[in-house]
Amino acid sequence: MDAVATAFGLVFDPYVLAVIVFSALFGLFVGSIPGLTATMATALLVPVTFFMEPVPALAAIVTAVAMAIFAGDIPGALLRIPGTPASAAYVDEAYAMTRKGLAERALGTGLVCSALGGFFGTVVLVTSAPTLAEFALNFSSFEYFWLACLGLTCAAIISTESPIRGLVSLLIGLFIATIGIGIVSGHPRFTFGSIELLGGVSFIPAMIGMFAVSEVLRYTTTTVHLPDVSQTPIGNLFKGLWPILRRYKVNLLRGSIIGTAIGALPGAGADIAAWISFAVSKKFSREPEKYGTGHVEGLVDASAANNAGLSGAWVPAIVFGIPGDSITAIVIGVLYMKGMNPGPMVFINSPELIYAVFLTFFVANIALIPLGFLAIRSARQVLRISRNALMPIILMFCVVGSFAINNTVFGVTVMLVLGVLAYVMEENHFPVAPAILGIVLGPMLEDNFLTSMIKSDGRIVDFFERPIAGVLGVVTILVWLIPLVLTIRRRLKAA
């Protein structure tokens, strides 16, 4: 209780509340601009967090992301261009409602359901994370090795339509993670005589490059003409909303549960949660024929899943140090910079900071409704900002942020090289998220594998002797083998 009381004092400090408000406005602005993602908002905020204490730094990221995920619905409903990938699942439905003169109903439903889904996910985070942390205190290097393997495997399989492309992306990330001095041997690897590479590839410039710079490059090659929305009528957002929530209360609960569960899977995140929730909604609907014509039911499920997935992704990130999505991958880097090493010990060493993060989730979801309302009302002006003016400013922030890591131009070089790499990967339909998780989890995977091999004197069977390690090992190997078995089975049937 002392930690909770301290957390209240930390969060409701005037400075922290001011950071939350400005971060919310920033998140709403970025999310409402087509092509600028919530991950990009997080990457652009990281340089600013260098100069903050842990609580305002994490509060800024939590708030900006929650706002950006919802704000992606605004251009989706008005322009049929999703502001963030999480909004793409139901963009056709929302735009169909706009063509029927129901733009305010689509946006109002998305706003309220996003806030309620975020609340549900936060409650799950608050109740499950401490319990999981107690359980995780029994983990040794064997369990963490298998957990890292499982997280990387799920990221490669879940986050793309082609598991092979996801695996290639994952291997690229793992290769980048091996650059520098070996963890155990102390021998330089893949440095090519470069002194700067002895310390490895810095995480934050890699994040900024692969998410923000790649978006700038994509814009310069494919300019999308945005239609004028200045005359789109937007009336009372909350008119007729209560009957919708009452009629589709099961959908709201189901979307929140699906979003939280999928968000907790490494590599999944809010994007996949929204797609799956929308598909489940249509599958179990009593009126599936109305989907695609401007039917509000699917919006209830998917909007709730969006923000619930954000909270769910923090569960493995805080408890095990394994990011649930690309956003929490960046957050883990911020935690390390602030001296808060993610893992079960953080609940013992810094409980007040963890409870402050939990409180920030509640505050962010409460602020989402009034600030989201203002964002929708001013959406016409925001969407008319020229992206020709916006992209150079974003690139400038990227350069400054990458330079500020170690006050060296080498950070900018890393950012530019990996930005070009991410652009080439996405243009050839290779997902970037598995590569990011490979960079984040690569050191953890290598460190725990080598430590376990030293402790077991090279005996592979020791990786399965402990009960938890044995279960995780068997589950991981099954995840590897099942797709292979199914592929062979399909080919035999075809033959």
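The questions and answers below look at one threonine and at some of the aromatic rings in a predicted model.

Visitor: Where along the chain does Thr293 lie, between which two helices?
Guide: This residue belongs to a loop rather than to a helix. Following the chain, one leaves the helix of residues 269-284 before Thr293 and enters the helix of residues 297-320 after Thr293, so the place asked for is the loop between α13 and α14.

Visitor: Is Thr293 buried, partly exposed or exposed?
Guide: The relative accessibility of Thr293 is 42%. Buried would require a value under 20% and exposed a value over 50%, so a residue in between takes the middle word. Thr293 therefore counts as partly exposed.

Visitor: Which residues does Thr293 touch, if those up to four places away in sequence are not counted?
Guide: A part of the chain that is distant in sequence can still be found beside this loop residue, for Met97 is 196 residues away from Thr293 in sequence, while their C-alpha atoms are 7.4 Å apart in space. With residues up to four places away left out, the residues that Thr293 touches are Glu93, Ala96 and Lys100.

Visitor: How far is the backbone oxygen of Lys290 from a polar atom of the side chain of Thr293?
Guide: Here the side chain of Thr293 supplies one polar atom, and the backbone of Lys290 supplies the oxygen. The distance between these two atoms is 2.4 Å.

Visitor: How many aromatic pairs does the structure hold, and what kind of pair do Phe119 and Phe362 form?
Guide: The structure holds 13 aromatic pairs. For Phe119 and Phe362, the ring centres are 5.7 Å apart and the planes meet at 50°. Planes under 30 degrees apart would count as stacked and those over 60 as edge-to-face, so this pair is tilted.

Visitor: Which helices hold Phe119 and Phe362?
Guide: The two residues are 243 positions apart, and their pair links distant parts of the chain. Phe119 belongs to the helix of residues 103-136 and Phe362 to the helix of residues 351-377, which are α7 and α17.

Visitor: What kind of pair do the rings of Trp146 and Phe463 form?
Guide: Both residues are buried, Trp146 at 5% relative accessibility and Phe463 at 3%. Their ring centres lie 6.4 Å apart with the planes at 85°, so the pair is edge-to-face.

Visitor: Which residues are linked by ring pairs into a cluster?
Guide: Trp146 and Phe463 both belong to this cluster. The full list is Phe142, Phe145, Trp146, Phe449, Phe463 and Phe464.

Definitions and conventions:
Residues numbered from 1 in each chain as written. Predicted model: local features only at pLDDT ≥ 70, side-chain atom pairs only at ≥ 80, totals over all residues. Heavy atoms only, no water. Helix = DSSP H or I, 4+ residues; strand = E, 2+ residues; numbered from the N terminus. Buried < 20%, exposed > 50% of the residue type's maximum accessible area, 1.4 Å probe, protein only. Contact = heavy atoms within 4.5 Å. Polar contact = N/O pair within 3.5 Å; in protein donor to acceptor, adjacent residues only side chain to side chain. Phe/Tyr/Trp six-rings, centres within 6.5 Å; stacked < 30°, edge-to-face > 60°.
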